[in-house]
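This report considers a buried acidic residue, its polar contacts and the nonpolar core.

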Amino acid sequence: IPDSAITESDGQNIMSAVEGALRDSRKFSVYTRNKAVERAIADEQTRKQTVAYEGEGAEAGKLKTVQFIAVPIVRDFAFERVEDRIPDMDGYRRIDRADLELEIQFVNTSTGEIAGSYVESVEKASEPVMVSDAGGRPDHDLLSSVARQAGQRIVRSFLNNVFPMRVVHA
């Protein structure tokens with residue numbers, strides 16, 4: 001996939017959905033590795049060490065390492081708006097479409113071993129709507145929904161491999 005196909009906000013949207021799916025499983029603690037967030041944390045910890053700031057938060061040396069890193073790989077991606085002119089009318093038929101094939105590799109940070117690699121593909125389209133003007137960007141809620149669904153399916157597959165037993169109460 002060319003880098004130009006996915007905007008930075010699309011990538012953040014996809015990663016946020018994956019992080020949410022991992023958090024929602026309640027089986028893992030999820031830590032950020034977003035460089036901007038890490039810089040903000042470091043800045044706040046630096047402030048804490050000065051006499052100008054006081055408070056309970058931002059203790060240095062409390063960040064945690066992780067056992068596994070979830071590495072998302074976008075294998076296929078389409079996020080588009082299709083508009084067809086309606087003959088004999090002053091308008092367009094608009095459909096937004098999001099198609100995502102996502103792979104997530106769970107990598108052991110001690111050994112570098114890929115503990116699991118899971119792929120899911122999800123495609124969704126909006127209902128057709130009539131509009132008077134063409135143009136604009138597709139609805140980001142549609143992309144969020146596709147990314148969330150792919151992330152949830154992958155996390156479910158990972159959990160089924162890591163925690164294969166289910167306890168059923170009679």
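Aspartate 96 counts as buried, because its relative accessibility is 5% (buried means under 20% relative accessible area, exposed over 50%, partly exposed in between, with a 1.4 Å probe and protein chains only). The model is predicted: local features need pLDDT of at least 70 and side-chain atom pairs pLDDT 80 or more, while totals for chains, interfaces and linings use all residues. Residues are numbered from 1 along each chain as its sequence is written, and side-chain values use heavy atoms, without hydrogens and water.

Aspartate 96 is found in strand E2; strands (E, at least two residues) and helices (H or I, at least four) are DSSP runs numbered from the N terminus. Beyond four places in sequence, aspartate 96 touches residues including Glu80, Lys124, Pro138 and Leu142, contact being heavy atoms within 4.5 Å.

The table lists polar pairs, that is, N or O atoms within 3.5 Å; within protein, one must be able to donate a hydrogen and the other to accept it, and residues adjacent in sequence count only if both atoms are side-chain atoms.

| Atom or group | Partner | Distance |
|---|---|---|
| Aspartate 96 side chain | Arginine 81 side chain | 2.7 Å |
| Aspartate 96 side chain, polar atom | Aspartate 139 backbone nitrogen | 3.1 Å |
| Aspartate 139 side-chain oxygen | Aspartate 141 backbone nitrogen | 3.1 Å |

Aspartate 139 also caps the N-terminal end of H3.

The largest nonpolar core has 23 residues; such a core joins buried Ala, Val, Leu, Ile, Met, Phe, Trp, Tyr and Cys residues through side-chain atoms within 4.5 Å. Its largest share, 9 residues, comes from H3. Ile14 is among the residues with the most contacts inside the core, and its contacts beyond four places in sequence include Phe77 and Ala147.
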